[in-house]
Each structure stands twice: as C-alpha cells, then as structure tokens.
Amino acid sequence: MTQKNKEYFMFGASVLIIAVITGIPLFARGLGGDIWDASYHILRIESMKEALVNGDFPPRINPLFFHHYGYGSSLFYPDVFLVVPALLNICGLSLLLSYKIFLLLISAAGTCTTYFSIRHICGSWKYALMGSYVLMLSVFYLADVNNRAGLSEYLACVFV
C-alpha cells in the first residue's frame with residue numbers, strides 16, 4: 001500500500017469511526033438531550049419540510065410554532081442546513097430518524113473540515129488525524145449534541 005493510499009484509507013476509516021462513536025448515544029436512546037432544545041430543533045425541521053412541500057423557501061415565519069400562529073426563528077437560526085433532514089423526512093424517513101442522520105452527517109463533515117484544516121496548517125496527515133479525534137470526540141462536542149441538544153452549536157463546529 002502506497003503512502004497516499006494509506007492516508008486515504010486512514011482518513012476514511014477515521015470518519016467512519018468518529019461517526020460511529022458519536023452515533024452510539026444517538027441511536028441507543030430516543031430523542032436524548034435537553035428535551036426543550038431538541039424539540040425546538042425538531043419543530044424547525046418539521047417547519048422546513050412544510051415550507052418545502054408548500055413551495056415556500058426560504059421560510060420567513062415557521063408556521064408550526066405557537067399553535068400555528070408562527071414564529072420567525074429563521075431570523076435567529078439560519079435554516080438553510082435544515083433542508084437536508086427535511087428532505088430525508090419528505091423521502092419517507094421519520095422526523096426523529098432524519099434528525100439523527102443529520103447529526104451523523106454533521107459529525108462526518110466536522111471530521112472532514114477538521115482534518116483538512118489541520119492537514120493544511122501542519123502538513124502532516126497523521127497530526128490531522130489526531131487533531132480530528134481530539135476535537136470530534138471532545139467532551140464539549142459530544143455533550144453539546146447528546147446532553148444539550150445544541151444543534152446550532154454542533155453545526156457551527158463544522159466551520160472551525
């Protein structure tokens with residue numbers, strides 16, 4: 001195996017390993033985390049799905065909030081990334097499963113951006129792998145999604 005092939009294999013394996021480790025708590029229980037934050041983000045995904053089905057993109061007011069009076073949460077939390085779980089939900093997956101798959105995709109994307117950033121800074125793929133493991137499996141990062149259900153903060157870590 002050449003050095004480049006070894007690097008590609010280790011990178012792919014690391015993305016998979018980190019996604020599995022971060023996904024174990026997600027799929028071992030129901031919604032998990034702070035029920036108020038998690039239900040808020042689930043409702044945002046459901047509102048995005050309704051907007052996409054009705055052809056109203058981007059939604060300015062999420063109509064499902066406050067007994068269908070609506071709430072402008074899009075002003076505070078950008079909803080563009082919620083298109084992914086909304087599309088998964090439109091394709092027939094349950095809302096909870098769409099949310100959990102989205103969290104796994106965020107974990108994989110965070111691993112990739114961390115790896116490529118550190119690889120660019122240090123020039124070593126081995127340091128980049130170590131840095132990816134350190135950041136993606138840090139207590140802060142895992143607690144943010146599993147205990148606090150901070151979807152927006154979890155998503156922001158992709159853009160480190």
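**Exercise 1. Classify Glu46 as buried or exposed, then list its contacts.**

Step 1. Glu46 has 18% relative accessibility, so Glu46 counts as buried. Buried means under 20% relative accessible area, exposed over 50%, and partly exposed in between, with a 1.4 Å probe and protein chains only.

Step 2. Glu46 is found in helix H2. Helices (H or I, at least four residues) and strands (E, at least two) are DSSP runs, numbered from the N terminus.

Step 3. Set aside the neighbours within four places in sequence. Glu46 is then in contact with Leu64, Asn89 and Leu95. Contact means heavy atoms within 4.5 Å.

Step 4. Look for a charged partner. The side chains of Glu46 and Lys49 form a salt bridge, 3.6 Å from N to O. A salt bridge is a side-chain nitrogen of Lys or Arg within 4 Å of a carboxyl oxygen of Asp or Glu. The two residues are 3 apart in helix H2, about one helical turn. Lys49 is buried, with a relative accessible area of 17%.

A note on the model. This is a predicted model, where local features need pLDDT of at least 70, side-chain atom pairs count only at pLDDT 80 or more, and totals for chains, interfaces and linings use all residues. Residues are numbered from 1 along each chain as its sequence is written, and side-chain values use heavy atoms, leaving out hydrogens and water.

**Exercise 2. State how many salt bridges the whole structure has, and work through those that tie together parts apart in sequence.**

Step 1. The search of the whole structure gives 5 salt bridges.

Step 2. Take Arg119 and Glu7. Their side chains meet at 2.8 Å, N to O. Arg119 lies in helix H4 and Glu7 in helix H1, so the pair ties together parts 112 residues apart in sequence. Arg119 is partly exposed, at 24% relative accessibility. Glu7 is buried, at 8%.

Step 3. Extend this pair. Lys4, Glu7 and Arg119 are linked in a network of salt bridges.

Step 4. Take Asp79 and Arg44. This salt bridge has an N to O distance of 2.8 Å. Asp79 lies in the loop between H2 and H3, and Arg44 in helix H2, so the pair joins parts 35 residues apart in sequence. Asp79 is buried, with a relative accessible area of 7%. Arg44 is buried too, at 2%.

**Exercise 3. Find which residues touch the most other members of the largest nonpolar core, and which helices supply the core.**

Step 1. Fix the term. A nonpolar core is a set of buried Ala, Val, Leu, Ile, Met, Phe, Trp, Tyr and Cys residues joined through side-chain atoms within 4.5 Å. In soluble globular proteins, nonpolar side chains tend to be buried together.

Step 2. The largest core has 23 residues. Leu82, Tyr99, Leu103, Ile106, Tyr141, Leu151 and Tyr154 touch the most other members.

Step 3. Trace the suppliers. H1 (3-28), H2 (35-54), H3 (83-90), H4 (95-122), H6 (139-146) and H7 (151-156) each give at least two residues. H4 gives the largest share, 5 residues.

Step 4. Check for another core. A second, separate core of 7 residues includes Val15, Ala108, Tyr115 and Leu129.

Step 5. Go back to Leu82. Leaving aside neighbours within four places in sequence, Leu82 contacts Arg44, Ile45, Met48, Phe102 and Leu151.

**Exercise 4. Work out where the buried residues of H3 lie around its axis.**

Step 1. Val83, Pro85, Ala86 and Asn89 are buried in H3.

Step 2. Seen down the axis, the buried residues fall within an arc of 165°, so they line one face of H3. The arc is that of the directions from the helix axis to the C-beta atoms.

Step 3. H2 and H4 are among what covers these residues.

Step 4. Read on past the helix. Gly92 follows H3 and has a positive phi, near 115°.

**Exercise 5. Describe how H1 and H5 pack.**

Step 1. H5 covers residues 125-136. The angle between H1 and H5 is about 5°, and their axes are 11 Å apart. Axes are lines fitted to C-alpha atoms, for helices over the stretch in contact, and angles run from 0 to 180 degrees between N-to-C directions.

Step 2. H1 is therefore roughly parallel to H5. Angles under 35 degrees count as roughly parallel, over 145 as roughly antiparallel, 65 to 115 as roughly perpendicular, and the rest as oblique.

Step 3. On H1, the contact residues include Glu7, Met10, Phe11 and Ile18. On H5, they include Trp125, Leu129 and Tyr133.
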